[in-house]
Amino acid sequence: MLEALEGSQAIARAVALCRPDVVAAYPITPQTHIVENLSRLVAEGDMHTEFVSVESEFSAASVVLGAAAAGVRAYTATASQGVLLMAEVLFNIAGMRIPLVMTVANRAVSAPLSIWNDHSDSMAVRDSGWIQLHCADNQEAVDTTIQAFRIAQETELPVMVCMDGFVLTHTMEPIALPEQKEVDNWLPPFEFSRRLDPDDPKSLGTLVAPDFFAEVRHSHHGAMLKALDVIAAVDRDWEGLTGRACGGLLEVSGPAEAKIGILAMGSTLGTIAMGMEHRGPDVASARLIKLRAFRPFPAEALRAACDGLDHLIVIDRAISPGLGGVVGTEVAAVLADVPGAPRIHNHAMGLGGRDIPETVYTDLVAAIADPDAPAFSIFDADLQKLAPEDR
Amino acid sequence: MSVANERGERLSELRQKYGREPLPPRAEGTADTPREAQPKFRGLDSGHRACQGCGEALAARLVMESAGPDVMIANATGCLEVFTTPWPQSAWRVPWVHSLFENAAAVASGMEAAMKAKGRNTKVLAFGGDGGTYDIGFQALSGMLERYHNILYVCYDNEAYMNTGIQRSSSTPHSATTTTSPAGKERMGKRHLKKDLLSIIAAHHIPYSASASVAFPADLQRKVRYAMGIDGPTFLVVHSPCPLGWRHASALTIEVARRAVECGLFPLVEVERGAVTNVMPIRNVRPVTDYLELQGRFAHLMKGGDARAEEERAHLQALADYNIGVFGLKGEGEDPVDTGGIAAVGRSGRPAGRV
Ligand SMILES: Cc1ncc(C[n+]2csc(CCOP(=O)(O)OP(=O)(O)O)c2C)c(N)n1
Ligand code: SF4
């Protein structure tokens, strides 16, 4: 059955279906509606969880760390400054390989202060060792949230579900929510093999000298690579249950014979697809690559997806100042040793919530023809607004 | 009933509320002799790597003995964490987790919420040094107390950041030297005062908070046992000399800690729901110099003929006198339950050495 739900409300309902034992969160735009909806579910008795209303995101992350370490299912959500305030804990959660789920309602990071959507926040903790999955629409966000609890459990790794702030969190869409019974059957009870247990006491988070540290990192890296198969398998399994898949690691659409590819994460791809649909008669069509798993990075799947392309436009929703786009740089690295790999055109856009119009499709395709185009640009920056020396 | 009285009653009603049982009565006059109440379980085992004479190691052992086996611990970064868990070894015989320097109270909050969700009674403890408690972990601690988690937080107060090599904290006493508050031509050690943490803790309306000292182990253990019996947030700050940082001989840890109490600089008090309910009286009040002279961190104060040293000694004496006055620490001559009674404590008629 479809229900018209706001993205945040749908996420709260999806989280409730997974029956987390402990939820801890601190409000921040555009994640706030998720916490508020969860609080209401708890207040109305529709969700039974220990809801810990903490005094900061730092504590929110620490509370779910402690809860999951003690052997229960735990959930938190944040955005932007909250992600950065959590950063130290996020690395800690991943380093200890503690399975839990967090929603990031992607938002720009201050300064300048912006409450609007881009991916700078989750990018800032790209190397924390969390699984990072991006959602293209609210149905995917719901499905990915439920899948995330299972992925976390199966991999014993934390999972970050990234959804574009406002564009998804504050948008009403018809959403299919599974039945409670379905989720109960699909999601096994929470297990954490190294949990804190008075009957079998263990020490977690000990001091590790140089003689063991490299091995810890090696094993974490290995676990992330193994998670690739788990992410894909869980999505297939979900499809078996609901008939809906989210694209596994990445999803390819558009004409097979296309010579131009466009790769993006999150809701941007929907805009691009609409733009392609409404393009003029002389504008080429493109193969669209929706990158769902950003960490672990699906290198092999990406190489296959790019087969036969002459050009690949990579859209970034965040930048690494002094380098360029983060996704673009990573895609280039992955394709570097592929013979006949497409030429990469890396553009950041939609920073700090700048609206991305459908027409961007045509502009992006046209830009390929410019032989002087830089390898990276902020595509929608209006240079006329800047002082001449800054252009 | 007078207005003030009624207000007082309403306030204590509110503080007791929060859906919890009223405080358990003190188990007075039980059949247990102090000997029988002695520990049977060692949660923190020997073989760890603390320095000789480490007050923190001793304090943690005493706390663990009294807390018993059905506990789990969140430990902040610091000496205690480092010297007990060099991978692949651990001195802990209970579930233990170290996350970060500033989040022990929050991690413990999550563990406690998990125990609640599971319907288990396992008591969660949080441990931190003074750096992890007075300073960087203060916000998480305040949040945990305000949210009324069933957690005993123990601060092992060695009055500086020892794990990183003796830097000043907000718990470092006035005019003590550390590597970031050295004495020199322009400075006489730390310029600021030791933070009165217990008063801030008490302002959270929590059921119980207290100060204790490794020099008075039975008193310390009684306080732990009392806190363990309370379903709600409780707080203990344990004065724990650090021979390395305070620069005294390893064999003098207990003597140094004892003199801190006996001169009034570290008062042993118990606070329940915001009111001081008990203090350890001092039978023979010592001058602060008896305490200072044992420690290298105060050596610059003991130089004869230095007017600045004299002035700082007077400042410290004034602080001790202030504590003695505020808390009424002056013991009566032959009071059997004062500092002279070694481990016995109490003015409220509680028997010595008992829970
Ligand atoms: C965020 C952060 N800042 C600084 C440090 C470095 N650090 C580790 S332990 C410590 C001091 C610990 O002092 P205290 O809490 O008093 O415990 P002690 O070692 O004295 O027992 C510091 C500064 C850290 N681990 N994390
Ligand atoms: S430095 Fe001090 S607190 Fe740390 S282990 Fe040594 S004596 Fe104990």
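In this predicted model, the domain assignment divides chain A into domain 1 (2-242) and domain 2 (250-390). The centres of the two domains, taken over C-alpha atoms, lie 28 Å apart. Domain 1 of chain A brings 28 residues to the contact, and domain 2 of chain A brings 22 residues.

**The contact between the domains of chain A**

The size of an interface is often given as the accessible area lost when the parts come together. For domain 1 and domain 2 of chain A, the buried area is about 2000 Å², with 58% of it on carbon and sulfur atoms. On the side of domain 1, A:M123, A:R126 and A:H134 account for 27% of the area buried against domain 2, more than any other three residues.

Two salt bridges are counted between the two domains of chain A. A salt bridge joins the side chains of A:R126 and A:E330, at 3.0 Å from N to O. A:R126 thus appears in this salt bridge and also among the three residues that supply 27% of the area buried by domain 1. In addition, twelve residue pairs are in polar contact between the domains, both residues being at pLDDT 80 or more.

Several elements of chain A, namely α5 (120-124), β6 (131-134), α6 (138-155) and α8 (210-242), each give at least two residues to the side of domain 1 that touches domain 2. The largest share of that side, five residues, is supplied by α8(A). By residue class, the side of domain 1 that touches domain 2 consists of 14 nonpolar, eight polar and six charged residues.

**The interface of chain A and chain B**

Chain A contributes 36 residues to its contact with chain B, and chain B contributes 38 residues. About 2800 Å² is buried between the two chains, and carbon and sulfur atoms give 63% of this area. A:E55, A:P198 and A:L207 provide 19% of the area that chain A buries against chain B, more than any other three residues.

Three salt bridges are found across the interface of chain A and chain B. In the salt bridge between A:E50 and B:K116, the closest N and O atoms are 3.9 Å apart. Twelve residue pairs are in polar contact across this interface, with both residues at pLDDT 80 or more.

The elements β3 (50-53), α3 (57-69), α4 (80-95) and β9 (203-204) of chain A each supply at least two residues of the side that touches chain B. Of this side, α3(A) gives the most, with seven residues. The residues of chain A that touch chain B divide into 18 nonpolar, ten polar and eight charged.

Strand pairing also links the two chains: β9(A) and β2 (residues 96-98) of chain B run parallel and are joined by two bridges. Within this pairing, A:S203 stands opposite B:W96 of β2(B).

**Backbone features**

Two cis peptide bonds are listed below.

| Peptide bond | Form | Omega |
|---|---|---|
| A:S110 to A:A111 | cis | near 5° |
| B:W87 to B:P88 | cis | near 5° |

A:A111 is located in the loop between β5 (101-106) and α5 of chain A. B:P88 lies in the loop between α3 (79-84) and β2 of chain B. A further backbone feature is found at B:E159, a residue other than glycine with a positive phi near 60°. B:E159 is placed in the loop between β4 (151-157) and α7 (197-202) of chain B.

Note on methods. Residues numbered from 1 in each chain as written. Chains lettered and ligands numbered in written order. Predicted model: local features only at pLDDT ≥ 70, side-chain atom pairs only at ≥ 80, totals over all residues. Heavy atoms only, no water. Domains from an automatic or database assignment. Contact = heavy atoms within 4.5 Å. Buried area = accessible area lost by both parts, 1.4 Å probe. Salt bridge = Lys/Arg side-chain N within 4 Å of Asp/Glu carboxyl O. Polar contact = N/O pair within 3.5 Å; in protein donor to acceptor, adjacent residues only side chain to side chain. Helix = DSSP H or I, 4+ residues; strand = E, 2+ residues; numbered from the N terminus. Nonpolar A, V, L, I, M, F, W, Y, C, P; charged D, E, K, R; others polar. Pairing = 2+ DSSP bridges.
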